[in-house]
Protein chains: 2
Amino acid sequence: MNEFDYIDKYFRPLTNKFAINLKNDAAIFNQKSSFDLIISTDTLCEGIHFFGNENPADIAKKSLRVNLSDMASMGAKPIFYNLALSIPKIKASQFIPKFAKGLQDDQEIFGIKLIGGDLTSSLKHINITITIFGETVKGKSISRDGAKIGNYLYVSGILGLSKIGLDNFNSNSKEFEESKRKYLIPQPRVDLGIELKNIANSMIDISDGLIQDATHLAKNSKLTVELNLCKIPLPNIKNLDRKLILDSALYGGDDYELLFSCDNSHESLVEQLSDKMNLKLTKIGVFKEFKKGFLKFKNNTSKPKNSYLHF
Amino acid sequence: MNEFDYIDKYFRPLTNKFAINLKNDAAIFNQKSSFDLIISTDTLCEGIHFFGNENPADIAKKSLRVNLSDMASMGAKPIFYNLALSIPKIKASQFIPKFAKGLQDDQEIFGIKLIGGDLTSSLKHINITITIFGETVKGKSISRDGAKIGNYLYVSGILGLSKIGLDNFNSNSKEFEESKRKYLIPQPRVDLGIELKNIANSMIDISDGLIQDATHLAKNSKLTVELNLCKIPLPNIKNLDRKLILDSALYGGDDYELLFSCDNSHESLVEQLSDKMNLKLTKIGVFKEFKKGFLKFKNNTSKPKNSYLHF
């Protein structure tokens, strides 16, 4: 099969009308001007973001979900995506059919379609770049810079699981099943992001660890965020030291939970939303006037470390 | 420098307001609904689409220009792009500053800006994926499927130079300077694409060789295109066999000239446009009712071969 055959057989069935059946050089989209188009790109590289020997369907899901998480963090409804897949010739026939199946499954779950992209060979490693598109009512997306003094900092779900899953990826213990699953296939909080549009005034998804992403919110809002380490929602994993679990939450990546600020008068709204969505939303900090650093720990003089950096 | 430093120093200065200073997870764009947004993606992989030892500024320009060429082929005015760059740690500090300078130079030439993207490390090779965005008046983009029986097929510029440049890349002969330049830095026909919006009824840019791309037009229009091989505009290169030059035009890639069909009554309009733009536009074929294959040669019984295929 050549690239046109792969596209015909595996990718064309994933498209919607904006792709014009992939028969042009480009997709065509017309949007009502009462909506904003929200555009984001995330790349996954073999050997950096994934091992390469995972099920290709899981790699596809992770690629889509890290992008969906960016839509969630803007409070946007995802609508479509395009895909650039570079893969060594020798891997294509095994990888592409399963990869496309993974995309298809998640397209159904998240209500999105493919609109175009590029399929090329690469010399050695797989590279997957997805650009995702979402929409919000004009002017209603949630940025990173809206936190105010006195606002509370909330986080969804539980933190650290994904890093623990990565660190114990080769373990066969049942204890790590949930965390390995979370590392492989994160759960983007798309519905939560949309629900938060009238509650949160700044938001980010945690892709690089709580410390780094909380710092982004504080820095963009020109404030200091004070984290209460006792409140961080952590998983219960026997035989793992609490310090190690906490570190995974603070500095590990790939959690894809939402981190947001809101006015302290919204506390009960957040609690109601948590009940409605059956999803833990935990108050873990408060924003204060900027003093010395963008992030500090409550009642704890230790200094935050750096999270994962690519360079 | 870590990725945030690189982004701050080299990429933030390339952005426009839609990037919101790259401080969010996504760009935000609001378009008048009287316009269509045209979206296309092209990837360049080290070792496949470029050698890797070229000047990074030239690699940047090629990356942008192959995408700009897709806008040209739709008759769209390019407005902005996003960039996913994956690069091994060890290459980043040498590569990124020059690469960003190449982007900046071409941004000025083509009137476009960066709106976002992703910068990650990769294990071994550089991968550059650009998604480019353009606009046309609603419904006015040019597709690949509009050719009618009796329409003429035109091509811009001269074909085959890029493949000759690639084949002679290590030659120091002056004779190959122009072709090497064309291989390194193609010239997307953006202005021509926009001018053709009331003339052409189907269009494609030649990225995979004349034969393959002419076949795309015929196939999508469900017709047979008859190419007149005597009319193909070829470069004059001494000491190179005409047969080899013709093969480079027919099957070589990376020319990025525009190939379009139009009603035969538009012949004088095309000539006027050629004069106005000081750009050769050559009539090289005619569309006929489908018979046997999508492409045949006039007065020549030889069969077209395949162009480059990734898989």
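Which strands of chain A does helix 2 (residues 56-74) lie across? I opened my notebook with that one, keeping in mind that this is a predicted model.

**Entry 1: helices on strands.** I looked up helix 2 of chain A and found it lying across strand 7 and strand 9, at about 165 degrees to strand 7 of chain A. I then turned to helix 9 (residues 267-277) of chain A, which lies across strand 6, strand 9 and strand 10 (281-289). Its angle to strand 10 of chain A is about 155 degrees.

**Entry 2: the sheet.** Next I wanted the strand order. Chain A has an open sheet of 6 strands, ordered 7-9-6-10-8-11, and the pairing is mixed. I noted strand 7 (200-205) and strand 11 (295-297) of chain A as the edge strands, since each pairs on one side only. On average, neighbouring strands of this sheet are turned by 30 degrees against each other, direction ignored.

**Entry 3: one pair up close.** I picked strand 6 (residues 152-156) and strand 9 (residues 258-262) of chain A, and found them paired in the antiparallel sense over 4 bridges. Within strand 9 of chain A, A:Leu259 is the residue that stands opposite A:Val155.

**Entry 4: the two copies.** How are chains A and B related? I see that a turn of 180 degrees and a shift of 0.0 Å along the axis lay chain A on chain B, with an RMSD of 0.0 Å. That is the relation of a two-fold axis. I also checked which C-alpha of chain A is nearest the axis: it belongs to A:Ser33, 2.7 Å away. Finally, I noted that the same surface serves both copies, as 100% of the contact residues of chain A recur in chain B.

Definitions and conventions. Residues numbered from 1 in each chain as written. Chains lettered and ligands numbered in written order. Predicted model: local features only at pLDDT ≥ 70, side-chain atom pairs only at ≥ 80, totals over all residues. Least-squares fit on C-alpha atoms with pLDDT ≥ 70 in both. Contact = placed C-beta atoms within 7 Å. Pairing = 2+ DSSP bridges. Helix = DSSP H or I, 4+ residues; strand = E, 2+ residues; numbered from the N terminus. Axes fitted to C-alpha atoms, helices over the stretch in contact; angles between N-to-C directions.
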